[in-house]
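Welcome! Take a moment to look over the sequence and turn the model around, and then we can walk through it together.

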2 protein chains.
Amino acid sequence: MKHFISKAGTLSLSLILILSSCGNKEKTDNVMIMETVSKKDATLSVIHSRKSVRNFIPGKAVPAETLDTLVRAGMAAASAVNLQPWHFVVVDDRAVLDSLAAGLPYAKMLNHAPAAIVVCGDSAIKAGDLAFWEFDCSLASGNILLAVEAMGLGAVWTAVHPDAARIATVREILHLPDNIIPLNVIPVGYPAGAAKPKDKYDPRKIHRNRY
Amino acid sequence: MKHFISKAGTLSLSLILILSSCGNKEKTDNVMIMETVSKKDATLSVIHSRKSVRNFIPGKAVPAETLDTLVRAGMAAASAVNLQPWHFVVVDDRAVLDSLAAGLPYAKMLNHAPAAIVVCGDSAIKAGDLAFWEFDCSLASGNILLAVEAMGLGAVWTAVHPDAARIATVREILHLPDNIIPLNVIPVGYPAGAAKPKDKYDPRKIHRNRY
C-alpha cells in the first residue's frame with residue numbers, strides 16, 4: 001500500500017491521497033482526504049484575519065503588478081451615485097516614502113516599507129450638494145486592506161484627512177491639486193513579525209429593530 | 001466498479017473520480033480532475049463581483065444567524081486608534097422596514113427586503129479632537145457588503161448621513177440618541193433578477209509617486 005500526500009499550503013489547497021493498483025495481485029484501497037475552501041469561508045476568513053501590519057521584511061519589494069492588483073480592488077468598491085471620486089497614488093520611490101515618513105507622525109514605518117498606496121478623494125465631485133468621497137474612498141481603502149491580507153501582504157491605514165497639517169504635508173510631497181484630499185497613506189509590504197488580528201466582537205454594539 | 005462523488009460548497013469546485021476497469025474485475029485505475037480556489041482568488045473574486053442589489057426574492061427571510069455573521073464581519077473592520085465607534089441596528093421587523101422605506105427617498109426597496117442593517121457611528125468618540133467614525137463605519141459597511149456577496153446574498157448601501165433630513169427620519173424610527181449618527185441603511189436579502197457588477201477600472205485614477 002502506497003501513500004501520496006501533498007500538504008495544504010494555503011487554506012484552500014487540496015490534500016489528495018490516491019492509492020491505486022492495477023495489474024498485480026495486491027489489494028488496494030482508494031482513500032481521499034480533501035481540504036477545500038468556499039468563497040464564503042475564504043472571504044470571512046480574510047475579513048477576520050485582517051490586521052494592521054506595521055513591520056515589513058526589509059528590502060523585499062512588492063511587485064508592480066501586485067500593487068496594481070491592490071489598486072484594482074480599491075476601484076471595485078461601491079460608490080455613491082457611481083461617481084468614483086477616488087484617486088490612488090502608488091508610491092514605491094524610496095525618497096518619496098522617506099519624505100512621507102519624515103512628515104507624518106504616525107507613518108514612520110514608511111522608512112522600511114517597500115511601497116505605499118495613498119488613497120485620495122476629489123472633494124469637487126458631489127451628488128447634488130452632498131459629498132460622498134470620504135465614504136467611497138474608505139470603501140476603496142477597505143478593499144485594498146482585504147486584498148492585502150488575502151495576498152499574504154501586510155498594510156495599515158495611517159490617517160491623513162481630516163488632520164490639516166498632515167493633508168498639507170502629503171499635498172506638498174505628492175503635488176496634489178487643491179481639490180484632491182489625501183484620506184490616508186497605506187504602507188504595503190511583506191509582514192515581519194507576527195501581527196495578530198483583534199477580536200472586536202461586542203454584542204453591546206448590536207441592536208435589534210431599534211437602538 | 002465504485003463511484004465517489006463530492007460536491008462543492010458555495011464556490012464551484014468539481015471533483016470527478018473515474019474508476020475504470022483494467023481488464024480485471026477486481027482492479028481499478030483512478031483518474032481525478034479537480035478545481036480548487038485560493039484564499040486570494042476567492043477574495044478578489046468577491047471584491048470584483050460585489051454589486052448593488054436592489055431587488056430581493058419576496059418573502060425569503062434572511063436567518064438571524066446569517067445577519068449576525070454579517071454584523072460580526074462589520075465589527076472586524078479596521079478602526080482608528082481601535083476606538084470602534086460603530087453600532088449596528090439589525091432590522092427584520094416588517095413595520096420598521098416599511099417605515100424606513102416610507103421615510104427614505106432612496107430606500108424604497110426596503111418594502112420588499114426581508115432585513116436591513118443600519119450602520120451608525122458614535123460622533124462623541126474622538127481621537128484627540130479628530131473624529132474617525134465616518135471612516136471606521138464605512139469600513140465596517142464595506143466588510144458587510146463583501147460578506148453579503150460571499151454568502152450569495154444581495155445588498156446595497158443607501159445613504160443617510162450626511163443628509164440631515166434622512167438622519168432625522170432614521171433617528172426617529174430607530175430611537176437613536178443624539179450622538180449616534182446613521183451612516184446608511186443596508187437592505188439585505190436574496191437577489192432577484194441579475195444585478196451585474198460595474199467595471200470601474202480607470203487607469204487615469206492611478207498615479208505613480210506623485211499626482
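Let us begin with chain A, which holds five helices and six strands. Bear in mind throughout that this is a predicted model. If you trace chain A along its sequence, the helices and strands come in the order α-α-β-α-β-α-β-β-α-β-β. The chain has 211 residues, and 54% of them are buried. Its contacts also reach across the sequence: among those with a separation of 6 or more, 69% link residues 24 or more positions apart. As for the outside, chain A has an accessible surface of about 9200 Å², and carbon and sulfur atoms supply 54% of that area.

Now bring chain B into view and see how the two chains meet. Together, chain B and chain A bury about 7900 Å², with 64% of this area on carbon and sulfur atoms. On the side of chain B, the residues that lose the most area to chain A are Lys39(B), Asn209(B) and Tyr211(B), which together make up 10% of what that side buries. The contact draws on 89 residues of chain A and 88 of chain B.

What holds charged and polar groups together here? Between chain B and chain A, 28 residue pairs are in polar contact, counting pairs with both residues at pLDDT 80 or more. Several elements of chain B give two or more residues to the side that touches chain A, including strand S3 (28–34), helix H1 (39–49) and strand S8 (180–189). Helix H4(B) gives the largest share of that side, with eleven residues. Sorted by kind, the residues on this side of chain B are 45 nonpolar, 22 polar and 21 charged. Two salt bridges cross the interface of chain B and chain A. In one salt bridge, the side chains of Arg208(A) and Asp92(B) come together at 2.4 Å, N to O.

Helix H4 of chain B deserves a closer look. It spans residues 133–150, and Ser138(B) is found in it. Is Ser138(B) buried or exposed? Ser138(B) counts as buried because its relative accessibility is 0%, below the 20% cut-off. Leaving aside residues up to four places away in sequence, Ser138(B) touches Phe135(A), Ser138(A) and Leu139(A) in chain A, along with Trp157(B) and Leu183(B) in chain B.

Next, follow the backbone to a few details in the loops. In chain A, the peptide bond from His161(A) to Pro162(A) is cis, with omega near 10°. Pro162(A) sits in the loop that runs between strand S4 (158–159) and helix H5 (164–174) of chain A. Chain B has a cis peptide bond too, joining His161(B) and Pro162(B), with omega about 5°. There, Pro162(B) lies in the loop between strand S7 (158–159) and helix H5 (164–174) of chain B.

Another loop of chain B connects helix H2 (64–74) with strand S4 (86–91), and Val81(B) lies in it. Val81(B) is not a glycine, yet its phi is positive, near 55°. Gln84(B) lies in the loop between H2 and S4 as well, and it has a positive phi of about 45° although it is not a glycine. How do these residues stand with respect to the surface? Val81(B) is exposed, because its relative accessible area is 63%, over the 50% cut-off. Gln84(B) has 14% relative accessibility and therefore counts as buried.

Notes. Residues numbered from 1 in each chain as written. Chains lettered and ligands numbered in written order. Predicted model: local features only at pLDDT ≥ 70, side-chain atom pairs only at ≥ 80, totals over all residues. Heavy atoms only, no water. Helix = DSSP H or I, 4+ residues; strand = E, 2+ residues; numbered from the N terminus. Buried < 20%, exposed > 50% of the residue type's maximum accessible area, 1.4 Å probe, protein only. Contact = heavy atoms within 4.5 Å. Areas by Shrake-Rupley, 256 points an atom, 1.4 Å probe, with all protein chains shown as cover. Buried area = accessible area lost by both parts, 1.4 Å probe. Salt bridge = Lys/Arg side-chain N within 4 Å of Asp/Glu carboxyl O. Polar contact = N/O pair within 3.5 Å; in protein donor to acceptor, adjacent residues only side chain to side chain. Nonpolar A, V, L, I, M, F, W, Y, C, P; charged D, E, K, R; others polar.
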